[in-house]
Amino acid sequence: MKRSFEYKTDRITIIRTALLCVVSVVIAVALFFLYRGGYLSAWFSSVIIAIVALMTLSIPRRIVVLDHTIEIQCISDITEINLREIASVRRADRRRMRWIVPLFGGIGFFGYYGKYFDLKEFDTVNMYASEWNNFVEITDIYDSRTYVSCREADDLIAAIAQAKDEDEKRTDYSEADEA
């Protein structure tokens, strides 16, 4: 393992998570008392519990830069990006992120993750962020963009560039050995 970058949740995301939980509980309790014996309260509670469980499993935890890949590790999922498939890595300005809206995924529940829609480019992007700040844009050779948040954004960009250079050198040496 080369380098690991932990996600750190900011105060706004924690407040938004708490508010979403409180609103969900208030609605579930209100439905329970208003529709006693009805299917609506049981259905709502079941759907909310299932959504919270699925969203909790997708919370991003860390970014790990390895020899050949970048791993974005969530609680139950790992997204791998091959270093050879990365076209560019750069910081993304917060003003630029204003045009990115949620399509499917977490919207402030322990972070921002899932599929988002870029209104400027009319394209879907992948988002793995624990705060709406310090974004790094990773673009692959297929023009697919992934945004991650990292408080050590410059160090992450440098680590990816260094790992990519070392991977290219290893590839050059192995091709020279074969010839």
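**Sheet and cores**

R3 has V65 of β2 as its bridge partner. That residue pair sits in a predicted model, and it opens a route into the sheet. Strand β1 and strand β2, residues 60-65, pair in the antiparallel sense over four bridges.

The sheet continues from there. Four strands form it, in the order β1-β2-β3-β4. The sheet is open and its pairing is antiparallel. In general, strands of a sheet pair through backbone hydrogen bonds. Here β1 (3-6) and β4 (78-82) stand at the edges. Each has a single partner strand, so one side of each is left without a neighbour in the sheet. From one strand to the next, the twist averages 15°.

Now turn to the side chains. In soluble globular proteins, nonpolar side chains tend to be buried together. The largest nonpolar core in this model has 21 residues. Within this core, I63, V148, L156 and I160 touch the most other members. Several elements feed the core: β2, β3 (69-74), β9 (135-140) and α3 (153-178) each supply at least two residues. The most comes from α3, which gives six residues.

Follow I160 for a closer look. Which residues is I160 in contact with, leaving aside its neighbours within four places in sequence? They are V65, I70, L83, I86, V89 and I138. V65 thus returns here: the bridge partner of R3 is also in contact with I160.

A second core lies separate from this one. It holds eleven residues, among them A92, Y116, W132 and F135.

Definitions and conventions:
Residues are numbered from 1 along each chain as its sequence is written. This is a predicted model: local features need pLDDT of at least 70, side-chain atom pairs count only at pLDDT 80 or more; totals for chains, interfaces and linings use all residues. Side-chain values use heavy atoms; hydrogens and water are left out. Two strands pair if DSSP finds at least two bridges between them. Axes are lines fitted to C-alpha atoms, for helices over the stretch in contact, and angles run from 0 to 180 degrees between N-to-C directions. A nonpolar core is a set of buried Ala, Val, Leu, Ile, Met, Phe, Trp, Tyr and Cys residues joined through side-chain atoms within 4.5 Å. Buried means under 20% relative accessible area, exposed over 50%, partly exposed in between (1.4 Å probe, protein chains only). Contact means heavy atoms within 4.5 Å.
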